[in-house]
Amino acid sequence: MIYCRSVSVGGEAEWEFAWRMFEQATTAAEVQNLRYSLACSMDHSLLTRYLMFAMMPWKIKRQDALGTIILVAQNINGKRPAWNFVKENWASIVSE
């Protein structure tokens, strides 16, 4: 919850910090907490970046891609970016 709050009230620097922590995470619980927290941003451009990362298996595991989209969509500020992302990338999403 602390990460989520920091990302939601912070800006790009806080989101980038959480992303670096995600990349360095060593436990499944830590990875899951950070994946959730990255979706807490109020910034549409950061949420869109996170959605794009979901399509890059070297950034986010394939099995976590759909979950990442859902996490962003659960954020009130992420509903529109998530919907637009799904519409624009539907063919890629269903082929994964």
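I take buried to mean under 20% relative accessible area. By that cut-off I find both Cys4 and Cys40 buried. I note at the outset that I am working from a predicted model.

**Entry 1: the disulfide**

I looked up the cysteine pairing and obtained a count of 1 disulfide. Cys4 and Cys40 form it, with 1.9 Å between their sulfur atoms. I then turned to the torsion about the S-S bond of this pair, which is about -100°, so I record the disulfide as left-handed. The pair links distant parts of the chain. Cys4 belongs to helix H1 (residues 2–9), whereas Cys40 sits in the loop between H3 and H4, 36 residues apart from Cys4.

**Entry 2: the annotated domain**

I consulted UniProt, where an unreviewed entry places the feature "domain: ERAP1-like C-terminal" at residues 2–94. Over residues 2–94 I read 76% helix and 0% strand. The C-alpha atoms at the two ends of this stretch are 34 Å apart.

**Entry 3: helix H4**

Which residues of helix H4 are buried? In this helix, residues 44–53, I list Leu46, Leu47, Tyr50, Leu51 and Phe53. Viewed down the axis of H4, these buried residues fall within an arc of 160°, so they line one face of the helix. I recall that an α-helix has 3.6 residues a turn, so residues three or four places apart point the same way. I next asked what covers the buried residues of H4. The cover includes helices H2 (12–24), H3 (28–38), H5 (62–74) and H6 (79–95).

**Entry 4: Arg49**

I also examined Arg49, which lies in helix H4. Is Arg49 buried or partly exposed? Its relative accessible area is 24%, and I therefore enter Arg49 as partly exposed. Not counting residues up to four places away in sequence, Arg49 touches Glu12, Trp15 and Glu16. I also noted Pro81, 32 residues from Arg49 along the chain, with 9.8 Å between the two C-alpha atoms.

**Entry 5: the nonpolar core**

I examined the largest nonpolar core, which has 24 residues. Trp15, Trp19, Leu38, Tyr50 and Val72 touch the most other members. Each of H1, H2, H3, H4, H5 and H6 supplies at least two residues of this core. H4 gives the largest share, 5 residues. I add that in soluble globular proteins, nonpolar side chains tend to be buried together.

Finally, I followed the contacts of Val72, leaving aside its neighbours within four places in sequence. Val72 is in contact with Ala39, Leu47, Tyr50, Leu51, Gly78, Lys79 and Ala82. Among these contacts, Leu47, Tyr50 and Leu51 are buried residues of H4.

Terms used: Residues numbered from 1 in each chain as written. Predicted model: local features only at pLDDT ≥ 70, side-chain atom pairs only at ≥ 80, totals over all residues. Heavy atoms only, no water. Buried < 20%, exposed > 50% of the residue type's maximum accessible area, 1.4 Å probe, protein only. Helix = DSSP H or I, 4+ residues; strand = E, 2+ residues; numbered from the N terminus. Arc of directions from axis to C-beta. Contact = heavy atoms within 4.5 Å. UniProt positions renumbered as here; feature names shortened; annotations may be inferred. Disulfide = S-S within 2.5 Å. Core = buried A, V, L, I, M, F, W, Y, C linked by side-chain atoms within 4.5 Å.
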